[in-house]
Amino acid sequence: MKSQHAGTGAETPRAEFAAENQVRPDLRDPKVVLSLLEADQVVAAKWHSRFGRRRLSPGVRVLLWGLRIYVVLMLVAVLVSVVRALHGSP
Amino acid sequence: MEPRHKPPVYETAHPTTASAITSPAAHELAGLLTHEDLDRAQDRWQVARARLREHQSKLRGGSQVLWLLIGPGVLVFLGENDAPSMLTYSATGARFGVGFFIPFAVLTFLMGFVVQEMTVRLGAITHRGHAELIFDRFGRFWGLFAMGDLVLGNFLTLVTEFIGVRAGLGFFGVRPVWAVGGALLMVVGAIATGRYWTWERITLTLAIFNALFIPAAILARPQWSAVSHALLTWTPFPSGNGMEILVLILATIGATVTPWMLFFQQSAVVDKGMQPRDIRAGRFDTLLGASLAAVFAVAAMLATAPLFHHGINASQYQAAEFAQALEPWIGHAGAALFALGIFEAGIVAAIAISTSSAYAFGEVFHTGHSLNRPLREAWPFYFILAGSAAVAAGLVLIPSAPLEFIVLTVNVIAVLAMPPALAFLLLLVNDRDLMGDRVNGFWENVAGVGVTVLLILAGMAFGLATAFPKLMRI
């Protein structure tokens, strides 16, 4: 799904107009709330819509597996290093 | 409560900067608004008002906009100036004095800024947390790996924060159970407001006390010409035990660039309700946080430099021992400031890291995950937040707990777990389906990949030095 980046965000122009004319926003009015938030910023909209899985190219898979193996090997190195340190060996 | 009725809004999520009022599903959404939406809308209204004033007075309105939008960036960097990090900076100052480690620490904060800025864009554009995006885009298999690294790192780090709290207050004779119990109450107290904005301001107020290391450094009477020389030339280079230097280099990197920071800042940006038009302010917030944290880190190094100049072996010192050892050189007031600084570093980080764990849990298990939610609506979120802090605090009070093991490993583990976290970050921030035109530019990718490669090389050097210890004695 392509992104839809239009404009510079919510809260304009309606919200700024409201901000100019009111000391406090009337948050009991759903229209005021919706005018201040972006469409996918509303909890209900986020709750029932997810970003789909991206297709992982072979290169990305190799990268992720490589880094995973790297982490496991490094954790072993940390364990060895700490055991040596705790036992006072070089 | 979560919305019970599925609104016919989107089949697949896609980021949009259009106002919800213009959405085709506005009518359905209007009936499904939550407490979280109302609080967030209230915050957005304040920003809208400040922006209006900005049109009238650039200086006054602009500063109001910044005041409203700073938070996640300053918090993440001052949160990462935590107890083990300040201990690392103190150890480098005490072990090697004024030299290579001062500009190196500044460089690590620059690296931190490069990667944290990407989380601002991701959060402001997608309105999703880091853990949620990893699970959505890479699936459960890879998501669980990322979460495993985060949970392990966060828990170990959280334990070290309470060790710092105990040690810092221990300088003043406070018993461990009172120190740790009091700190736990502060963590719970900060979230009891049920409002992100209040939580953020309370934590920011606590975080600014990280500046306590500045007067401590001034009392140590540093030679400013030596500091300038070190910053310009990166010398004198540390000499001696190669493995010790390598571990301190890794720990200094781990004191600034860690996985929890990525997860925390993106989730905080989302919880704060930041939008694409706030990205510039978010960048400023992140730069401000990195700059303040760099200054305070250098101050910690300068504060302990007298130990180096007087030939005192500080290689085995823990937090409170640094304060006690410094007393003859910077006076009781200076040592007390240092101990208070360690306490503050521990408490702020405990708040930030436990919140980071709770955000990630909520995002992955699709339960409410906002500090704008009341307890009854998001009790699993608050349970994880307070529970992880309570378990870590409890562990610190167990007499035979392997605390030394944890302190030794926490920053090093953070560095080693960072390359996969950065790979996910770079893949997400270059994903046009998520970011549209706001994907990384060429130089942002060069910087991001550069930081990742540097961390991998540092980790591999550590691995080689561990496997072949003789290499470090040449």
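In this predicted model, helix H8 of chain B runs over residues 176-191. Its 16 residues carry the chain 23 Å from the first C-alpha to the last, close to the 22 Å expected at 1.5 Å a residue. Burial along H8(B) involves B:Ala179, B:Val180, B:Ala183, B:Leu184, B:Val187, B:Ala190 and B:Ile191. Viewed down the axis of H8(B), these buried residues fall within an arc of 130°, so they line one face of the helix. This pattern is a familiar one: an α-helix has 3.6 residues a turn, so residues three or four places apart point the same way. On the other side of H8(B), the exposed residues are B:Val177, B:Trp178, B:Leu185 and B:Gly189.

One residue of the buried face, B:Ala183, also appears in the largest nonpolar core, which has 180 residues. Together with B:Phe162, B:Ala216, B:Ala303, B:Phe338, B:Ala350 and B:Leu425, B:Ala183 touches the most other members of that core. The most is given to this core by helix H15 of chain B (residues 319-365), with 24 residues. As for B:Ala303, its contacts beyond four places in sequence are B:Gly93, B:Phe213, B:Ala216, B:Ala217, B:Ala220, B:Leu326, B:Ile330 and B:Phe338.

Turning to the whole chain, chain B holds 19 helices and zero strands. Its radius of gyration is 22 Å, close to the 23 Å that the globule rule gives for 474 residues, so chain B is as compact as a globular protein of that length. The C-alpha atoms occupy a box of roughly 70 × 50 × 45 Å along the principal axes. Of the 474 residues in chain B, 59% are buried. Among contacts with a separation of 6 or more, 82% join residues 24 or more positions apart.

Technical notes: Residues numbered from 1 in each chain as written. Chains lettered and ligands numbered in written order. Predicted model: local features only at pLDDT ≥ 70, side-chain atom pairs only at ≥ 80, totals over all residues. Helix = DSSP H or I, 4+ residues; strand = E, 2+ residues; numbered from the N terminus. Expected span 1.5 Å × (residues − 1). Buried ≥ 20, exposed ≤ 12 C-beta atoms within 10 Å, placed from the backbone. Arc of directions from axis to C-beta. Core = buried A, V, L, I, M, F, W, Y, C linked by C-beta atoms within 7 Å. Contact = placed C-beta atoms within 7 Å. Rg over C-alpha atoms; globule rule 2.2 N^0.38 Å.
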